[in-house]
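User: I have a model open and want to go through its fold and contacts. Can you take my questions one at a time?

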Amino acid sequence: MKSVHGLILCGGKSTRMGQDKTSVLLQGKPLLTHSIELFTSLNIDFHLSVNPNQKDLIENYPSVIDQFEAIGPLGGILTGLKSIRKDLLIIPVDMPQLTKNLLLRLVDASGNHELVRCFQRNGRIEPFPSLWKSEAASRLNELLDDRELSLQKCITRLPHHLLDSTDSEVFRNLNYPEDLG
């Protein structure tokens, strides 16, 4: 497999879920465990992107603390790119249906000129999972300086490669307690 490093986005406020999503149980396991097991099955080293209040995660896992407040996943992505300085395979903690094969497809896709690679479904960009080249940090920083906070718009403004997918379930994220049922 090409050399990539994993980043699990865990630093969101989880307001709609009502509790930190990393500890939410699904099929008897915390959502964080699902993400860690996915990277472990791919033999990929990883970091967690966390907020400063997630002290238990910071103490127990390799972590980067999001340096940007209230800008959503873009802050975690940029902090990860700047801190880890490697190409990053990024997944959010709230997408437990992601599969090893889907991530392998993303990593193994041909293309060398893009800064970000992700999927599209029915013409709509699915920003996660995504592969971000380390060189994307400076360009992403410029977009944030321009106050571009939409992840989809940032992807389209960067050199990117979109892979087609029709599977809707793997891209479903869990935002509310009723999504767990």
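**Strand pairing, helix packing and salt bridges**

User: Which residue in S5 is the bridge partner of serine 49?

Analyst: This is a predicted model. Strand S4 covers residues 46-50 and pairs with S5 in the parallel sense, over three bridges. Within S5, serine 49 has as its bridge partner valine 64.

User: In what order do the seven strands of the open sheet lie?

Analyst: The pairing in this sheet is mixed. The edge strands, each paired on one side only, are S5 (63-65) and S9 (160-164). Neighbouring strands are turned against each other by 30° on average, direction ignored. The order is S5-S4-S1-S6-S8-S7-S9.

User: Which strands does helix H1 touch as it packs on the sheet?

Analyst: H1 spans residues 31-41. Its direction makes about 170° with that of S1. The strands touched by H1 are S1 (5-9), S4 and S6 (88-92).

User: Is strand S8 largely enclosed or open?

Analyst: S8 runs over residues 124-132. Eight of its nine residues are buried, so the rest of the structure leaves S8 largely enclosed.

User: How many bridges join S7 to S8?

Analyst: S7 covers residues 116-121 and runs antiparallel to S8. One pair puts valine 116 with tryptophan 132 of S8. The two strands form a hairpin with two residues between them, and asparagine 122 in that turn has a positive phi of about 55°. The number of bridges between S7 and S8 is six.

User: Which residue in S8 stands opposite leucine 89?

Analyst: S6 and S8 run antiparallel and are joined by three bridges. Opposite leucine 89, in S8, stands leucine 131.

User: At what angle do the axes of H3 and H5 cross?

Analyst: H3 is residues 73-84 and H5 is residues 136-145. Their axes come within 9 Å. The crossing is left-handed. The angle is roughly 145°.

User: How do the contact residues of H3 and H5 divide into nonpolar, polar and charged?

Analyst: H3 brings Leu74, Ile77, Leu78, Leu81 and Lys82 to the contact. H5 brings Ala136, Ala137, Leu140, Asn141 and Leu144. The split is eight nonpolar, one polar and one charged.

User: How far apart are N and O in the salt bridge of lysine 29 and glutamate 37?

Analyst: Side chains of opposite charge can pair when their charged atoms come close. Lysine 29 has a relative accessible area of 27%, so this residue is partly exposed. Glutamate 37 is partly exposed too, at 38%. Their N to O distance is 2.7 Å.

User: Why does glutamate 148 count as buried, while arginine 157 counts as partly exposed?

Analyst: The two residues form a salt bridge, with the closest N and O atoms 3.6 Å apart. Buried means under 20% relative accessible area, and exposed means over 50%. Arginine 157 is partly exposed because its value lies in between, at 44%. Glutamate 148 is buried because its relative accessibility is 14%.

User: Which residues are joined into one network by salt bridges that share partners?

Analyst: The structure holds seven salt bridges. One of them links the side chains of arginine 121 and glutamate 126, at 3.0 Å from N to O. Both arginine 121 and glutamate 126 are buried. The network is made of Arg121, Arg124 and Glu126.

Note on methods
Residues are numbered from 1 along each chain as its sequence is written. This is a predicted model: local features need pLDDT of at least 70, side-chain atom pairs count only at pLDDT 80 or more; totals for chains, interfaces and linings use all residues. Side-chain values use heavy atoms; hydrogens and water are left out. Two strands pair if DSSP finds at least two bridges between them. Helices (H or I, at least four residues) and strands (E, at least two) are DSSP runs, numbered from the N terminus. Axes are lines fitted to C-alpha atoms, for helices over the stretch in contact, and angles run from 0 to 180 degrees between N-to-C directions. Contact means heavy atoms within 4.5 Å. A crossing is left-handed if the near helix is turned anticlockwise from the far one by less than a right angle, and right-handed if clockwise. Ala, Val, Leu, Ile, Met, Phe, Trp, Tyr, Cys and Pro count as nonpolar, Asp, Glu, Lys and Arg as charged, and the others, Gly among them, as polar. A salt bridge is a side-chain nitrogen of Lys or Arg within 4 Å of a carboxyl oxygen of Asp or Glu. Buried means under 20% relative accessible area, exposed over 50%, partly exposed in between (1.4 Å probe, protein chains only).
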